[in-house]
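Hi everyone, thanks for making time today. I'd like to walk you through a structure that may be new to you, so let's bring it up on the screen.

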2 protein chains.
Amino acid sequence: MSLTKSKAYGVIMAGGSGTRFWPLSRASRPKQFLPLGSSDEALLAATVRRLERLVPAERILIVVAESLVEETRRLVPQVAAAHVLAEPVGRNTAPCVGWAASVVAREDPTAVLAVLPADHHIGDEKTFTDTLAAAIDAAAGGDLVTIGIRPTRPETGYGYIEMGDEIAAGLHRARRFVEKPDAGRARQFLAEGRFLWNSGMFFFRADAVLREIAVHLPDLAKGLARFDEAAASGREAEEVKASFGTLPSVSIDNGVMEKAAGVSVIPGDFGWSDVGSWTTVWELASRDEGGNAFFGDVVPVDAKNCYVRAPEGKMVAVIGLEDVVVVDTGDALLVMPRDRSQDVREVVEALKRAKKPGHL
Amino acid sequence: MSLTKSKAYGVIMAGGSGTRFWPLSRASRPKQFLPLGSSDEALLAATVRRLERLVPAERILIVVAESLVEETRRLVPQVAAAHVLAEPVGRNTAPCVGWAASVVAREDPTAVLAVLPADHHIGDEKTFTDTLAAAIDAAAGGDLVTIGIRPTRPETGYGYIEMGDEIAAGLHRARRFVEKPDAGRARQFLAEGRFLWNSGMFFFRADAVLREIAVHLPDLAKGLARFDEAAASGREAEEVKASFGTLPSVSIDNGVMEKAAGVSVIPGDFGWSDVGSWTTVWELASRDEGGNAFFGDVVPVDAKNCYVRAPEGKMVAVIGLEDVVVVDTGDALLVMPRDRSQDVREVVEALKRAKKPGHL
């Protein structure tokens, strides 16, 4: 807690419902609840643990789908029940962040919010903590701050942030936010060195972000005002249930960060991963000398660079496989070459079309 | 029943305990109990059904491991309980055939035995039946007869029979039995046209084979005489239990057929397969236009020439797989390229070493 000079709250956005980790991820157990990093820890639990190096548990908020509140409380019981904010419906990140900012502002309007996605992996936690502390301090004066990841490949799957002038040690003006580029621009961005990956981590005082929301997303601001009113008479939950779905569905990036003046960015380099697919999960996992990551009872014969996950009590034998992913959850099984990880969505779509909700 | 002029008994040798179909085959459910042919019918059930075109059910005997007697009775209830002969221990095929011959000889010593393995697949059942009828008639005079399969490839995994002179239409002297050849000799055998695959199907009168056993396997003959004595006083089961394990462990091929004079062979050509591996099972299965054989709930994305078997209630997704076998039995799973089918044994060996009897 001594790393920052400022009083901060952690806000974890845990609303995701990805389909890329089927069959391990399901509607009832999305990615952030799964142990997809380098250990047995669920991604959300790891995010909370890392935040606790900077912020006491009682100042951590988690915004999550209503249906996942119980699971969230079980997973991270150190977070106050009142701080697990239940979204009745997903409306992208601006309403999520705005609501959390409103809740914090009632306690302390000048407190800094450290807003983090729930489902990322961090390889170098020490540097991560230091970078977050710097971002929190940079936001304490009222600026909007983000952390951009130094790119290591010409990735076309992320948005980018172009750095401008350095305004303090390690702190730059954010010149602009750039949508996902094509392959040519991504290579150019990587070569130029001024472009960072948009990591979705944001830092601002509660009053600062609410002020920007009032300017750029007035409909959201009105909705949040109704939440505040209802909260004053102990009826916030009912109001959220009734009107959350009417809030504008927009990201905090597009709705606020890209439009606000005076946004700054801190380059970060701490083994960040958004854990985007089974390929990444294999990369993050600890592997044997053959490059295999095995979980459960696995009998390998000539297996190389495979990811195999077996449920309790199951015996899985793989013979002559290379670069293959095998994920068995008991009621469902996925087998594919690792480079087809992006196509897991097709399976989920097929299950939806086939009306097989039991396996979604 | 009108196809043969002779009274015949069917004897099915169902003692196999193959490991090549793990995880579907287990110690408690070997290959002959599995639906590995072109339909849902277990191989043993299909063997009985085919025999019934020639022999009434009450003249069919099945020799099987003691532990599989119940399963056998359930699968083919039309076979008389007294005709399911329980081997307390496997002693190869000569004791098995000798015992069945003794049982038949007590009823009718001149009856012809049609001895068949339980676990083969027959593509052309009409021709098969006709060939068996011819073999039964050829054996009625007291000769030992076998059916040799016309080879379709230079197979090194089977023994061969060299045909000699044709002694009647379609009936040849068997010049000699040849052990599994190397690749060069197998190619030569295929080119020469006089060599047939030893299919393990034998036809002889009960008295004829018992006479040959007395000459070539006197220890077996003595053992069988003890069974006869015990049977006379209603104590055969006890005697078998006590002394079956002391009978010489030798095949009927090596112990009798190769040594006897006057063995003849009928060339057969009826889509025979010994269903030797998952590769063969894929070949026999009915496949979709992509060459896939799917059993159960399978969601394929770009799958080609795959064999996938899912247990009840399970959803199996395969993406981007070609020539891959996926067999899920609920408690065990096998994934391998089809051309590694021979290596399934290695998995079974590994499970034995790891002392995982639950999955064997």
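**A first look at the fold**

Let's begin with contacts: in chain A, among those with a separation of 6 or more, 66% join residues 24 or more positions apart. Please keep in mind that this is a predicted model.

Chain A holds eleven helices and 17 strands. Its C-alpha atoms fill a box of roughly 60 × 50 × 40 Å along the principal axes. Does that fit a globule, and what would we expect? For 360 residues, a compact globule would have a radius of gyration near 21 Å, and chain A agrees, with 21 Å. Of those 360 residues, 57% count as buried. As for the outside, the accessible surface of chain A is about 14,300 Å², and carbon and sulfur atoms make up 49% of that.

Now let's zoom in on one helix, α6 of chain A, which covers residues 206-216. Which of its residues are buried? They are A:Ala206, A:Ala208, A:Val209, A:Glu212 and A:Ile213. Looking down the axis of α6(A), these fall within an arc of 165°, so they line one face of the helix. In general, an α-helix has 3.6 residues a turn, so residues three or four places apart point the same way. The cover over the buried residues of α6(A) includes the strands β4, β6 and β9 and the helices α3, α7 and α9 of chain A.

Finally, the two chains. Chain B superposes on chain A after a rotation of 180° with 0.0 Å of shift along the axis, at an RMSD of 0.0 Å. That is the relation of a two-fold axis. The same surface serves both copies, as 100% of the contact residues of chain B recur in chain A. Within chain B, B:Gly330 comes closest to the rotation axis, its C-alpha lying at 3.5 Å.

Definitions and conventions
Residues are numbered from 1 along each chain as its sequence is written. Chains are lettered from A and ligands numbered from 1 in the order in which they are written. This is a predicted model: local features need pLDDT of at least 70, side-chain atom pairs count only at pLDDT 80 or more; totals for chains, interfaces and linings use all residues. Side-chain values use heavy atoms; hydrogens and water are left out. Copies are superposed by least squares on the C-alpha atoms of residues with pLDDT of at least 70 in both. Contact means heavy atoms within 4.5 Å. Buried means under 20% relative accessible area, exposed over 50%, partly exposed in between (1.4 Å probe, protein chains only). Helices (H or I, at least four residues) and strands (E, at least two) are DSSP runs, numbered from the N terminus. The arc is that of the directions from the helix axis to the C-beta atoms. The radius of gyration is taken over C-alpha atoms; the globule rule is 2.2 Å times the number of residues to the power 0.38. Accessible areas come from the Shrake-Rupley method with a 1.4 Å probe; for residues, only the protein chains shown count as cover.
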